[in-house]
Protein chains: 2
Amino acid sequence: MYNIVQATGGVCASEGFFADGISAGLKKDNALDMAFIYSDSECEIASVFTTNKMFAAPIKHFRAKGEFKTNFVLINSKNANAMTGKVGVDDIDEVLSNCSEMLNPIMSSTGVIGVRLPKEKIIKGMKLFDIKKKNPNNAAKAIMTTDSFSKEIALKVTLDDGSSFSIGAMAKGAGMINPAMATMLCFITTDAKVSKQEMQEILDEVTKTTFNAISVDGDTSTNDTVLLLSNSRSGAYDREAFKEALFKVMHFLALEIVRDGEGATKLVTYKITGAKNNADAEVVAKTLSDSLLVKTALFGEDPNWGRIASTVGASGVEAYEQMLKISFDNLCVYDRGRLNFDAEMEKKCAVVMSHKKFTISCDLGVGAGSFKAYGCDLGYEYVKINADYRT
Amino acid sequence: MYNIVQATGGVCASEGFFADGISAGLKKDNALDMAFIYSDSECEIASVFTTNKMFAAPIKHFRAKGEFKTNFVLINSKNANAMTGKVGVDDIDEVLSNCSEMLNPIMSSTGVIGVRLPKEKIIKGMKLFDIKKKNPNNAAKAIMTTDSFSKEIALKVTLDDGSSFSIGAMAKGAGMINPAMATMLCFITTDAKVSKQEMQEILDEVTKTTFNAISVDGDTSTNDTVLLLSNSRSGAYDREAFKEALFKVMHFLALEIVRDGEGATKLVTYKITGAKNNADAEVVAKTLSDSLLVKTALFGEDPNWGRIASTVGASGVEAYEQMLKISFDNLCVYDRGRLNFDAEMEKKCAVVMSHKKFTISCDLGVGAGSFKAYGCDLGYEYVKINADYRT
């Protein structure tokens, strides 16, 4: 039917897209802190934004424009332009007046909340942009905040008729990541010939099982944004192929974000089955991935399945002690009332938990609902990073 | 109308009540680990239990008895007797068969989940009880798990006609404390002449604004229990006086539990006003007191009001950037769109946050709903305690 292979070039992998990152002096030590994505022909836009009621100025600015096409996205780190009221939106207008040759330019920001945008620095920085540059990795680095590595991917999709299209993407996010879309920014480019409506439908659907299935600390940011830009330049498209490739792109980036969770040492998949319905399974998966007691036990590599059971019970969904099964990878530690946890099993489980990646499975035994969420542990580094983020 | 004064004697302050703690070898180093409360005349019981679906064997055992009176409560620490199925309940029957001279004895447990009760040790330990002892502080110590101090209080209430009654109580709880009743145990005795029904009504009401308003880590335990025993021996009673005294007792113990939050260094009151209704205010207060980003900022003494605003927005209730007011004690840092946060204000706020106790107020400006919740910060010690609780 179609073939999907990994490609190089990040957000520039799609035809006609350019990107770069520069240093405008927002971060210390001349670190990259401003990026752009430019397409040399106009793009349809699909988007998903935070559910936070205090959504930041860039989101207000975007929403105020109604339906529109664009060819330019400006991104800054270090300042979120959130809780800045009307002046925050005016600041964006002023900044973007410096690229009035672009078609409806978009701005996106991440960083500290409640401080006005350093407009002068940003406007100066924009003068350093060369919109014909293809430095996707610089762009991916410039949007980082507490991220310890940049996050990029590109896929090339070849259809049966020999035609092909690409999807490229970059993301940032490490802390403040929560199932309900949180500060993560993700920018996806494609040259697939997809309609705006279909692109939005597919983006919404894929977001549910990727970015909305991850959690670092259960907090939801003011700035979360996923932007998908399509310039249709390849002329190629197939709905199933596009959806699968988009899932692969977003799934990869979502897991990269969890892997980079502030101070995280482990990537844990919570696989919930047997719930009354999928919604219940999602509640359990996210309650587990958000539980401080579970996360600290993971950090300590302590196979404390009692905390898993207790958290399932605390999640509020239909669940019974006599129906529940709990496993670490393929080791079943509690089987519907049978305690399978002796000293030998504890040792085996501790080995599983010493790995960088493993799965905690809970079968609730009451229905056919299932959901997979992804989380990480919480250790000293998380506290260290977050106890003094502003300085 | 009436007069309430502090008294000594903890759970033994009420007439006819006895209590002691002994060491049965459940904890290391002969630490106290078993306690009893005995009344030399029968008691009516009011109770509140955890909302966790995996509620522990002692709660199943209690509920299976239906309506009953008692004169004896046996409490052990170190083992929660949770996730132990029917054998967990049978184990309680076997243990309590060793005090068959008591009237419907009750058992209550706290500790590790998913391990069977060490019955032999407990039964041996019971032989050390002298039910005519009044050592309330030993009892309060014996029920501790990760608590760093024991928690007790007693009040004497004198009515206008000169009659008087007492309320005495002890509690344990440090981690795993959550607004929806969590491992905390609290045992309250009174000699007030109060009916079972009225006692239960008042207990339910007072629980909402005391134990259900505190949070250490947002997790809800399998064993949470508040038991209120009344032997009516004083012959005295007044509803308002009883309610006020019970509130004072439970409010004090709830705050003691937060103050003893695992690794906590600060006790923070979240005072929410101007919400659409009280339920919304409660959601905001509890979302704030559970937020990892807020808790780590508190630990770092970082007046990061942006995280407060973001968390209000993330809580899902009706809230607007232009209506919100945020204060640290009486310092207003954000006033309905006006950023009041300059370097001088930041310094002043940092001073407030350096205190052991302070209040974070949020006025949502959309209605008349209010709620107060109590929380603590989260630092390295929390991680240390919880990364390896089992060993």
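Exposed means a relative accessible area over 50%, and buried means under 20%. Residues in between are called partly exposed. These words return in the views below, which show a predicted model.

**View 1. Helix α10 of chain B has a buried face and an exposed one.**
Helix α10(B) spans residues 343-353. Its buried residues are M345(B), C349(B), V352(B) and M353(B). Seen down the helix axis, these residues fall within an arc of 90 degrees, so they line one face. The other side of α10(B) carries A343(B), E344(B) and K347(B), which are exposed. What lies over the buried residues? The cover includes α8, β12 (325-328), β13 (331-335) and β15 (357-363) of chain B.

**View 2. Helix α3 of chain A also has its buried residues on one side.**
Helix α3(A) runs over residues 119-126. Buried here are K119(A), I122(A), I123(A), G125(A) and M126(A). Around the axis they cover an arc of only 160 degrees, which puts them on the same side of α3(A). Turned away from that side are the exposed residues E120(A) and K124(A). The buried residues are covered by several elements of chain A, including β2 (17-22), β3, β4, α2 (85-96) and β5 (106-109).

**View 3. A281(A) is a buried residue in a helix of chain A.**
Find helix α7 of chain A, residues 278-290. A281(A) lies in this helix. Is A281(A) buried or exposed? Its relative accessibility is 0%, so A281(A) counts as buried. Which residues does A281(A) touch, leaving aside its neighbours within four places in sequence? The contacts are I272(A), A275(A), G369(A), S370(A) and F371(A). Now look for V258(A). V258(A) and A281(A) are 23 residues apart in sequence. In space, their C-alpha atoms are 20 Å apart.

**View 4. A salt bridge joins E42(A) and K69(A).**
The side chains of this pair meet at 3.2 Å, N to O. E42(A) sits in strand β3 (residues 34-49) of chain A, while K69(A) sits in the loop between α1 (57-64) and β4 (70-76), so the pair ties together parts that are 27 residues apart in sequence. E42(A) is partly exposed, with a relative accessible area of 43%. K69(A) is partly exposed too, at 33% relative accessibility.

**View 5. In chain B, K69(B) forms a salt bridge with E42(B).**
The closest N and O atoms of the pair are 3.2 Å apart. K69(B) belongs to the loop between α1 (57-64) and β4 (70-76) of chain B, and E42(B) to strand β3 (residues 34-49), so the bridge ties together parts 27 residues apart in sequence. K69(B) has 31% relative accessibility and counts as partly exposed. E42(B), at 43%, counts as partly exposed as well.

**View 6. The salt bridge of E301(A) and K266(A) links two loops.**
Here the side chains meet at 2.9 Å, N to O. E301(A) lies in the loop between α8 (292-299) and α9 (305-314) of chain A, and K266(A) in the loop between α6 (239-259) and β11 (267-275), so the pair ties together parts that are 35 residues apart in sequence. How open is each partner? E301(A) counts as partly exposed, at 32% relative accessibility. K266(A) counts as buried, at 5%.

**View 7. Chain B and chain A meet at an interface.**
Each side can be counted: 60 residues come from chain B and 60 residues from chain A. Between them the chains bury about 4,700 Å², with 59% of it on carbon and sulfur atoms. How many salt bridges lie between chain B and chain A? The count is 2. One bridge to look for joins the side chains of E321(B) and K60(A), at 2.6 Å, N to O. There are also 15 residue pairs in polar contact across the interface.

**View 8. Four helices of chain B each give two or more residues to the side that touches chain A.**
These elements are α2 (85-96), α8 (292-299), α9 (305-314) and α11 (380-387). Which element gives the most? The answer is α9(B), with 9 residues. The residues on this side of chain B divide into 26 nonpolar, 20 polar and 14 charged.

How values were computed. Residues are numbered from 1 along each chain as its sequence is written. Chains are lettered from A and ligands numbered from 1 in the order in which they are written. This is a predicted model: local features need pLDDT of at least 70, side-chain atom pairs count only at pLDDT 80 or more; totals for chains, interfaces and linings use all residues. Side-chain values use heavy atoms; hydrogens and water are left out. Contact means heavy atoms within 4.5 Å. Buried area is the accessible area (1.4 Å probe) that two parts lose on being put together, summed over both. A salt bridge is a side-chain nitrogen of Lys or Arg within 4 Å of a carboxyl oxygen of Asp or Glu. A polar contact is a pair of N or O atoms within 3.5 Å; within protein, one must be able to donate a hydrogen and the other to accept it, and residues adjacent in sequence count only if both atoms are side-chain atoms. Ala, Val, Leu, Ile, Met, Phe, Trp, Tyr, Cys and Pro count as nonpolar, Asp, Glu, Lys and Arg as charged, and the others, Gly among them, as polar. Buried means under 20% relative accessible area, exposed over 50%, partly exposed in between (1.4 Å probe, protein chains only). The arc is that of the directions from the helix axis to the C-beta atoms.
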